[in-house]
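Trainee: Could you take me through one part of this model in detail, the place where the two domains meet and the ligands beside it? I'd like one connected walk-through rather than a list.

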Amino acid sequence: MPSKLDALNRWVEDVARRTRPDRVHWCDGSEAESKMLTRSMLESGDLLELNPRTHPGCHLHRSDPKDVARVEKVTLICTKDEADAGPNNHWMEPSEAHAKIDALFDGCMQGRTMYVIPYCMGPLGSPISRCGVEITDSPYVVANMRIMTRMGTAALERIEREGRFVKGQHSIGTLDPERRFIMHFPEELSIKSYGSGYGGNALLGKKCHALRIASFQARSEGWLAEHMLIVGIENPRGEITYIAAAFPSACGKTNLAMLIPPEGYRRDGWKVWTVGDDICWMTPGKDGRLYAINPEAGYFGVAPGTSMKTNPNAVKMLDHDAIFTNVAVTADNDPWWEGLDDRTPVKDWQGRDYDPKNGPAAHPNSRFTVRATQCPSWSPEAENPEGVPISAIVFGGRRESLVPLVFEARDWTHGVLVGAGMASETTAAAAGQVGVVRRDPMAMKPFCGYNYGDYFAHWLSFDQPNAKLPKIFHVNWFRKGADGKFLWPGFGDNLRVLEWMLKRINGETGATETPIGLLPDADGLDSDGLHLADGALDTLLDFDARSWQAELAAIGEYLDGYGDRLPEKLRAEQQRVTAALQQASGESAAPARKAAAS
Ligand code: GTP
Ligand code: SPV
Ligand code: MN
């Protein structure tokens, strides 16, 4: 009798024929398998044991020094028609792409084991979840996929029932940056990645499947696959409101998802629940609201800057059963990174004796991999097959000037413009220059699997008569003062901003209308116990019509790049805001709000 696994078996045989591994291992996700893999990686040096007393079950992996982040210029979307990938993506014609990468895959697994990893993105019993199979020759990838996804026998059983899965083929190859490609074939629901063992390049369930392929599927099926955290905010009355937030890589998603309320708030009974820290799949429910699941089962988080002060939940979840990649180590063989504490490491991320002359001890994109359930604020709702209802969508980026701490979009269409016009300073999460402001609509620039023009139209299409859509906000934790320091304390104190959003959602507070959206009134934000510099709050909530005119012009020019794929409605919205700004700056030589230097 033909089985729904026939297609899978045939594909695995085809890949093995091409890559010629010594062995093929089907991963079952068991404890015994994990122990066996860890043992062999300790022998090969792929993993190093960390202090078993302070960090039982924790290991360090040092990646190749030229393989430490996502590489966008070799990340390709291979659609038949180049226009379907859009100017936001690097594109290659599918048959040319297959030929190029298949040549690299030829014989590349000789002497190695080929692992077959069946996985499920999302709770195993959720109708929103999707399965995939990753083939890889990296045991480190297997160990990470085991933490980051529901991997093994149960996923294989779901694949057998559904007969449907995303095919992901990966080899570390020779780790030569010149022979590296991360290719996506959304029309074939497949991924081919060669030449990198790092994060989003190699753990194919994450950015490749759950964002690039999934966003493409989501468009045709009427849902959204987004680069967003999902967090539940519990107020003193015990009501939990769920928020999804899109910030670009290394701009604060993990931190916001695990926030610990400031002391006064804790005393009053506020609590934060972590559903997800990086990816969110949202779909309209019968009641018209958007329901979200976190397709992942673990966190692949940025280490530097994580401390008992900034993110105590993260520090607490990292003292057992975690993988650390490219961090430094202390004399006690504890993992260490800049910002953790005031100890001095002995070895840097490359295993050299630590010398500040060589730069930071931990790589700026060094990361931890850990099971979601290890987080003290982990929400059991992360296993809810229906997902959680989303009451607010938050966009945000790193902007040292111009952009206020928080504002609210007037409606869904305006919110889509706010998301589409987002920009942020680049970070170490991707190879290339750091600190350059670039447009990063909905924090999806590196992850949207199709033309952004079509993507904006898809977002706009959710505005249906029966829909109960979330309110849309924009935040900026990263505004700096004249002294170059952040004006806002951030981290736990970000709850003050979330509280304002909740009040707006519940109609419990007014707001100041401006052409860019609704800003908190002077006394709108609870700043009790905050020790802000003189005038800091004014600057943080400052709106300067003239500077925003230039920003809207830049957004208009950027959107024009999508030509006739850009929805007319978004263009009209940009023009509406532009006209309002023109009027505002004409009306007042001195802007309505106190303008502080920024
Ligand atoms: P990816 O995993 O790359 O998608 O990143 P992310 O968006 O989850 O970013 P993460 O929360 O790991 O934060 C990245 C860096 O920003 C860390 O060094 C944090 O310490 C820092 N950071 C996070 N939140 C804040 C904040 O509210 N204020 C300031 N100043 N820094 C922050
Ligand atoms: C990001 O860069 O947004 C990450 C890390 O979350 S990676 O998995 O490498 O994409
Ligand atoms: Mn991310």
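Mentor: Sure, and let's fix one term before we start: a residue is near a molecule if one of its heavy atoms lies within 4 Å of it. Some housekeeping too: this is a predicted model, where local features need pLDDT of at least 70 and side-chain atom pairs count only at pLDDT 80 or more, while totals for chains, interfaces and linings use all residues. Residues are numbered from 1 along each chain as its sequence is written, chains are lettered from A and ligands numbered from 1 in the order in which they are written, and side-chain values use heavy atoms, with hydrogens and water left out.

With that cut-off, the residues around ligand 2 are Arg-70, Gly-199, Gly-200, Lys-206, Lys-207, His-227, Ser-249, Asp-278, Phe-300, Arg-367, Ala-429 and Phe-447. Three of these side chains are worth a look for polar contacts (a pair of N or O atoms within 3.5 Å; within protein, one must be able to donate a hydrogen and the other to accept it, and residues adjacent in sequence count only if both atoms are side-chain atoms). Lys-207 puts a polar side-chain atom 2.5 Å from an oxygen atom of ligand 2. For Arg-70 the corresponding distance is 3.0 Å, and for His-227 it is 3.3 Å.

Now ligand 1. It is surrounded by 22 residues, the closest being Ala-250, Lys-253, Thr-254, Asn-255 and Arg-367. So Arg-367 turns up in the surroundings of both ligands. Asp-278, also listed around ligand 2, has a polar side-chain atom 3.0 Å from an oxygen atom of ligand 1. The side chain of Asn-494 brings an N or O atom to 3.0 Å from a ligand 1 oxygen, whereas Phe-491 uses a backbone N or O atom, again at 3.0 Å.

Back to the domains. Domain 1 covers 6-47 + 64-222 and domain 2 covers 226-252 + 284-292 + 380-597, with bounds that come from an automatic or database domain assignment. Their centres, taken over C-alpha atoms, are 33 Å apart. Contact, meaning heavy atoms within 4.5 Å, links 28 residues of domain 1 with 29 residues of domain 2. Together the two bury about 2300 Å², 50% of it on carbon and sulfur atoms; buried area here is the accessible area (1.4 Å probe) that two parts lose on being put together, summed over both. Arg-70, which we met beside ligand 2, joins Asn-88 and Arg-219 in supplying 27% of the area that domain 1 buries against domain 2, more than any other three residues.

What about charges? The rule finds four salt bridges across this interface, each a side-chain nitrogen of Lys or Arg within 4 Å of a carboxyl oxygen of Asp or Glu. Arg-219 makes a salt bridge with Asp-454, with the closest N and O atoms 3.8 Å apart. There are also 19 residue pairs in polar contact across the interface, both residues at pLDDT 80 or more. On the side of domain 1 that touches domain 2, helix H3 (82-85) and helix H8 (205-221) each supply at least two residues; helices here are DSSP runs of H or I, at least four residues long, strands are E runs of at least two, and numbering goes from the N terminus. H8 gives the largest share of that side, seven residues.
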